[in-house]
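Here is a guided look at a structure, written to be read with the model open beside you. Take a moment to turn it around before reading on.

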Number of protein chains: 2
Amino acid sequence: MSSGIDDFFAVIPAGGVGSRLWPLSRADAPKFLHDLTGSGVSLLRSTWDRLLPLTGEDRIAVITGASHGDAVAKNLPDIRCENVFHEQDPRESAVAICLVAAVLMRRNPDVVIGSFAADHVITRQRAFEFAVRQAVAVAREGYICTIGIQPTEPSVGFGYIRTGAELVIDDAPTAAVVERFVEKPDLETARRYFADRSFLWNAGMFISRADVLLDELARHEPELHAQIDEIAAAWDGPERDAVVDRVWPHLKKIAIDYAVAEPAAENGRLAVVPGQFDWDDVGDFASLWNLVSNGRRQEMTILAEEDHVLDADSNGFVVSQTDRVIAVVGLDDVIVVDTDDALLVTNSEHAQLVKNVVSSLHQQGRDGVL
Amino acid sequence: MSSGIDDFFAVIPAGGVGSRLWPLSRADAPKFLHDLTGSGVSLLRSTWDRLLPLTGEDRIAVITGASHGDAVAKNLPDIRCENVFHEQDPRESAVAICLVAAVLMRRNPDVVIGSFAADHVITRQRAFEFAVRQAVAVAREGYICTIGIQPTEPSVGFGYIRTGAELVIDDAPTAAVVERFVEKPDLETARRYFADRSFLWNAGMFISRADVLLDELARHEPELHAQIDEIAAAWDGPERDAVVDRVWPHLKKIAIDYAVAEPAAENGRLAVVPGQFDWDDVGDFASLWNLVSNGRRQEMTILAEEDHVLDADSNGFVVSQTDRVIAVVGLDDVIVVDTDDALLVTNSEHAQLVKNVVSSLHQQGRDGVL
């Protein structure tokens, strides 16, 4: 039943809890397992469905925490057993992506991998596929290729990619070299970037040959590369658990952006294809509100199974997982998230601070609601 | 076990649901049955306790809806059976107070009655008792005497009483005749009244001889007086139910303020004693917040059994009857009321509008949560 691009393998890191979406997201029910947009399926499943035409069902890997193994299998019944990778404990994206790349390269030395977060929302499927196909063509030429998103606001929540000179690569008409890779800017800088159409958002999608990715890692993080290589060598054999137990605790926690992409950009090895699709990382409830309401924040947006929300002279966003009556009276821009054992009330300006609540609850030992 | 002022009988109308305090107040758990202030007892019980030194336990009557009879008995185990009056259905304060007055007058023609709402909060007991004792002395002289409250803000939520000439009555050193009795004013007028120390709030406390009260009612609402007199004549006999069934449905719904107090003021028969105590009608959640926080609204005020409320950069008022974790993030002046089957989110400016929610829910047929 295999189809798609022959040498292409998608990797879905399904790691983060999404603590800014607490109390919807929980340690045992992280963001990627939720149907945040009312689509009927989880974000993880949407990600799988989106990649399927590009890979076929045999060439999508998921790397996730061991405790989420069952949920992943339930969400993705067609995933092959050897394509589910369990992290012993979370080590950020460089380990997750490079470990899968290293294992897949041992299975197929010419593989091109692409990493796609499990918990983002993308619409316009054809444009997405077109961007990935271009990125694969660019990757085959030895670049690490990212897909950049045209900013829709001067966000300080994302990193930016500055598009440089055009690349002349068959089947990749809009590809360019990345001139600069920049971390989340301050607001003034973000406004400057937003006004300059050459800056795109970094959406964390990286497409490259596995060997190219690992060579870049070896150049900039040689110790981490050696450790990952050691685990990968043992992964498909009888020594996996022993090697993982021995090496994993020493793995550096670093994002792939810093371990690979940023230095690759400095060396002219990072390319970009602009994505002509709508993308949202659904980072917090303000972002989710915007997404669910199609940007119509003047109204009251309700994400609930039943129509049991009453608003009087209010606008905002109400998410309910209970059957309680919720009345919102005379409030502007209020966000209410109602679950069986926890309630959040905030507004869009402060939605980012929800992660601090999660930290506080953890410090108070209230992990039962996290 | 009788004590207090020999000829004085207190009447507690325990009628209103307090719909601006939904979802705390419910049809089957009205405001007066709640311990809103965290005192450990219901507002009704606090009212009883406050009156006891003035009357003794044999001379306090409660008039309430038939469905609240059991709850009243549970709250006030010492009340005498014949002092609990059941309304067939609610008919506002003129009927409630005048009916009890008429029945009590038939039991004791010289009785002085005082009416005190079941759901107000009063602090400074000695000052309260001093005011009532003065009012009783004034009432014995044939006046209807109210206790006026010194305004603490230019409220548009209360009626006002304009103090006129001093009365010269033994044991009532601060009594005066009421020059004018005015309904809830607009804000501009309220500000003018607030600046003028002769205006006091009408707190709905009326003290008078039962015969004087009923004579005033007869003068201004003769039909209602005749109907009440007919019911009162049958009340302590075997015909009570038959007469109530026949007459009650035709009783006019009118507040005692309009049926008696306002016309009495016009005729110079209304007196006032200023109350030197703190009084609050706890009309809505803004009022309750103010009361519970002692006016310190800059902070987060929490009325909950357990400490399960987390606030980050917020101020407001959280009332919880559940054991859910509640996080309030980055909000100013927010009011959250969390119960098992209903949640309210509002602010102090709009707290008055909560009654509209109750109306809407009723129209939607959701009386289960009302």
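## Chain A as a whole

Chain A of this predicted model contains 11 helices and 17 strands. Its radius of gyration is 21 Å, close to the 21 Å that the globule rule gives for 370 residues, so chain A is as compact as a globular protein of that length. Along the principal axes, the C-alpha atoms of chain A fill a box of roughly 60 × 50 × 40 Å.

Burial and contacts add to this picture. Of the 370 residues in chain A, 51% count as buried. Among the contacts in chain A with a separation of 6 or more, 66% are between residues 24 or more positions apart.

## An enclosed helix

Helix H10 of chain A, residues 285-292, is worth a visit. Seven of its eight residues are buried, so the helix is largely enclosed by the rest of the structure. The buried residues of H10(A) are A:Phe285, A:Ala286, A:Ser287, A:Leu288, A:Trp289, A:Asn290 and A:Val292.

What do these buried residues of H10(A) pack against? Their partners are five elements of chain A: strand E11 (278-280), strand E12 (300-304), strand E14 (316-320), strand E16 (334-338) and strand E17 (342-346). Just after H10(A), the backbone takes a positive phi of about 55° at A:Asn294.

## How the two chains are related

A turn of 179° with a shift of 0.1 Å along the axis lays chain A on chain B, with an RMSD of 0.1 Å. That is the relation of a two-fold axis. Within chain A, the C-alpha nearest the axis belongs to A:Val345, at 4.2 Å from it. Both copies use the same surface: 100% of the contact residues of chain A recur in chain B.

At this interface, 31 residues of chain A are in contact with 31 residues of chain B. On the chain A side, E13, E15, E16, E17 and H11 each supply at least two residues. The residues of that side divide into 19 nonpolar, six polar and six charged.

## A sheet that begins in chain A and continues in chain B

Now follow the strands across the interface. An open sheet of six strands runs in the order E13(A)-E15(A)-E17(B)-E16(B)-E14(B)-E12(B), and its pairing is mixed. The edge strands, each pairing on one side only, are strand E13 (309-312) of chain A and strand E12 (300-304) of chain B. With direction ignored, neighbouring strands of this sheet are turned by 10° against each other on average.

Within chain A, E13(A) and strand E15 (residues 325-329) pair in the parallel sense over four bridges. The bridge partner of A:Ala312 in E15(A) is A:Val329. Where the sheet passes between chains, E15(A) and E17(B) run parallel and are joined by four bridges, and A:Val325 stands opposite B:Ala342 in E17(B). Helix H11 (residues 354-363) of chain B lies across E13 and E15 of chain A together with strand E17 (342-346) of chain B, and runs at about 135° to E13(A).

## The second sheet

Another open sheet of six strands, also with mixed pairing, has the order E12(A)-E14(A)-E16(A)-E17(A)-E15(B)-E13(B). Here the edge strands are E12 of chain A and strand E13 (309-312) of chain B, each of which pairs on one side only. The twist from one strand to the next averages 10°.

Which way do E12(A) and E14(A) run, and how many bridges join them? These strands run parallel and are joined by five bridges; A:Thr301 stands opposite A:Phe317 in E14(A). H11(A) packs on this sheet, where it touches E17 of chain A together with E13 and strand E15 (325-329) of chain B. The direction of H11(A) makes about 135° with that of E13(B).

## An exposed position on H11

One residue of the helix just described makes a good last stop. A:Ser359 has its place in helix H11 (residues 354-363) of chain A. Is A:Ser359 buried or exposed? A:Ser359 is exposed, with 12 other C-beta atoms within 10 Å; a residue counts as exposed at 12 or fewer. The C-alpha atoms of A:Ser359 and A:Asp58 are separated by 39 Å, and the two residues are 301 residues apart along the chain.

How values were computed. Residues numbered from 1 in each chain as written. Chains lettered and ligands numbered in written order. Predicted model: local features only at pLDDT ≥ 70, side-chain atom pairs only at ≥ 80, totals over all residues. Rg over C-alpha atoms; globule rule 2.2 N^0.38 Å. Buried ≥ 20, exposed ≤ 12 C-beta atoms within 10 Å, placed from the backbone. Contact = placed C-beta atoms within 7 Å. Least-squares fit on C-alpha atoms with pLDDT ≥ 70 in both. Pairing = 2+ DSSP bridges. Axes fitted to C-alpha atoms, helices over the stretch in contact; angles between N-to-C directions. Nonpolar A, V, L, I, M, F, W, Y, C, P; charged D, E, K, R; others polar.
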